[in-house]
Amino acid sequence: MYAWPASEVPALPGKGRDLRIHDTASGGLVTLDPGPVARIYVCGITPYDATHIGHAATYNAFDLVQRVWLDTKRQVHYVQNVTDVDDPLLERAKRDGKDWADLAESETALFREDMTALRLLPPQQYVGAVEAIPGIVPLVERLRDMGAAYELEGDVYFSVESDPHFGEVSGLDAAAMRLLSAERGGDPDRAGKKNPLDPMLWMAAREGEPSWDGASLGRGRPGWHIECVAIALDHLGMGFDVQGGGSDLVFPHHEMGASHAQALTGEHPFAKAYVHAGMVALDGAKMSKSKGNLVFVSKLRRDGVDPAAIRLALLSHHYRADWEWTDQVLQDAVERLARWRAAVSRPDGPAAETLIAEIREALAEDLDAPAALAAVDRWAARQTADGGTDEGAPGVVSRAVDALLGVAL
Ligand code: 5CA
Ligand code: ZN
């Protein structure tokens, strides 16, 4: 698949420091030391509905990871998937009397537009589950042949016991895993499984559902976790720097993905850090396609909201926090954007060096975007109060806000 156009990232004077970020597996902050090319995989959307603010907040967090890395003068290799065939997509298409592939295509197109408008950097590889199937089949065959997977009535399951590191991403106990597995696409109660937690790798063709040639597996379609593993291993290999997603992906998705990859390769870890964004809520409940309590990025844009204000609204919360979207959050962002734009519209102002150092430091320390915004607020307030004489400072600030926060002033 193709991704979306990249907005330019201005180069800044000097260089940022290495990112320290919260890793779910170790439960604390880790300093990442990527090579000259930092590698990141971020779980993409299941395209059965439009991009909502929760999605945008999560992708915003991983965009910041990349901007911090780019500012250390590294390159970034970014891969994202699209779960363009899965139960929820098929169910929604059926409910709405639509063709599942058309639904996936149109919602993916809208997602690209939203990402472009928000100036979120595109992945170098944007890969659909369907197009990944030829790479998934041999991985499932290999897992089966090595005894890490087994067949049950034509479906193929991964045996969680085959990975000695299983459980290390989420750190959850079996009871908690079982509950989450039932909630999030697993089938812990299906009879005949070796372990109730074992996730499906390959689902044999079902009546009325799309299916693909699975060679020795028979016709069917891939399970969810192996999709991301196949795409990540194909493009990034083992031991890449960050796997990202919202906190609802910690278990089972990222736990199972890590185990699939570790069982396949005998190597550990799948990712050096597992980074998770908090959940955005609306009216007291997690924004989710299944609940329908959604604020769509595209709807806000249609209503004339500046995408830069949407981005500032996202940035005004720490990525790890769970937070609530309200009209006030957006209103505050609109006002902040206006203040910042007024402040950079003059030819001179207070010196920018300290501000750039503050933004860099805030972001490099677990992506503290609210602290970065506060630093820009202080600069803008000084500019408004007594101006400054540093020629070109507003231009430098404008470039820094664009390069590090993705906000075009
Ligand atoms: N296709 C899979 C990942 S492989 C999937 O989870 N798709 S999704 O469309 O449901 O979610 C896309 C991303 O948005 C995931 O990282 C998910 O964790 C995140 N996300 C979903 N809802 C919210 C929310 N309310 N707040 C923050 N992030 C969210
Ligand atoms: Zn994923």
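Leaving aside its neighbours within four places in sequence, with which residues is Gly 223 in contact?

**Figure 1. Surroundings of Gly 223 in the predicted model.** Gly 223 is in contact with Met 200, Leu 201 and Trp 202, once its neighbours within four places in sequence are set aside. The residue belongs to the loop that lies between S9 and H6. With a relative accessible area of 10%, Gly 223 is buried, because burial is assigned under 20%. Leu 70 serves as a distant reference point: 153 residues separate Leu 70 from Gly 223 in sequence, and their C-alpha atoms are 34 Å apart in space.

**Figure 2. The open sheet of four strands.** The strands follow the order S6-S7-S8-S9 and pair in the antiparallel sense. Strand S6 (149–152) and strand S9 (220–222) form the edges, each pairing on one side only. From one strand to the next, the twist averages 20°. Helix H4 (residues 129–145) packs on this sheet and touches S6, strand S7 (155–158), S8 and S9. The direction of H4 makes about 110° with that of S8.

**Figure 3. Pairing of strands S8 and S9.** Strand S8 (residues 200–204) pairs with S9 over three bridges, in the antiparallel sense. Within this view, Met 203 stands opposite Arg 221, a residue of S9.

**Figure 4. Coordination of the zinc ion (ligand 2).** The protein donors are Cys 43 (SG), Cys 228 (SG) and His 253 (NE2), at 2.1 to 2.3 Å from the zinc ion. The site has four donor atoms, and the angles among them run from 102 to 119°. The geometry is therefore tetrahedral, since all angles must lie between 85 and 135 degrees for that assignment. For four tetrahedral donors, the ideal angle at a metal is 109.5 degrees.

**Figure 5. Sequence context of the zinc donors.** The donor residues of the zinc ion (ligand 2) are spaced C-x184-C-x24-H in sequence. Cys 228 lies in helix H6 (residues 224–235) and His 253 in helix H7 (residues 250–265), so this pair ties together parts that are 25 residues apart in sequence. Cys 228 counts as buried, at 3% relative accessibility. His 253 likewise counts as buried, at 2% relative accessibility.

**Figure 6. Contact between domain 1 and domain 2.** The chain is divided into domain 1 (20–286) and domain 2 (308–319 + 326–405). Taken over C-alpha atoms, the centres of domain 1 and domain 2 are separated by 34 Å. Domain 1 contributes 22 residues to the contact, and domain 2 contributes 16 residues.

Methods. Residues numbered from 1 in each chain as written. Chains lettered and ligands numbered in written order. Predicted model: local features only at pLDDT ≥ 70, side-chain atom pairs only at ≥ 80, totals over all residues. Heavy atoms only, no water. Pairing = 2+ DSSP bridges. Helix = DSSP H or I, 4+ residues; strand = E, 2+ residues; numbered from the N terminus. Axes fitted to C-alpha atoms, helices over the stretch in contact; angles between N-to-C directions. Contact = heavy atoms within 4.5 Å. Donors = N, O, S within 2.8 Å, 3.2 Å for Na, K, Ca; no water. Tetrahedral: all angles 85-135°; square planar, octahedral: opposite > 155°, others 65-115°. Buried < 20%, exposed > 50% of the residue type's maximum accessible area, 1.4 Å probe, protein only. Domains from an automatic or database assignment.
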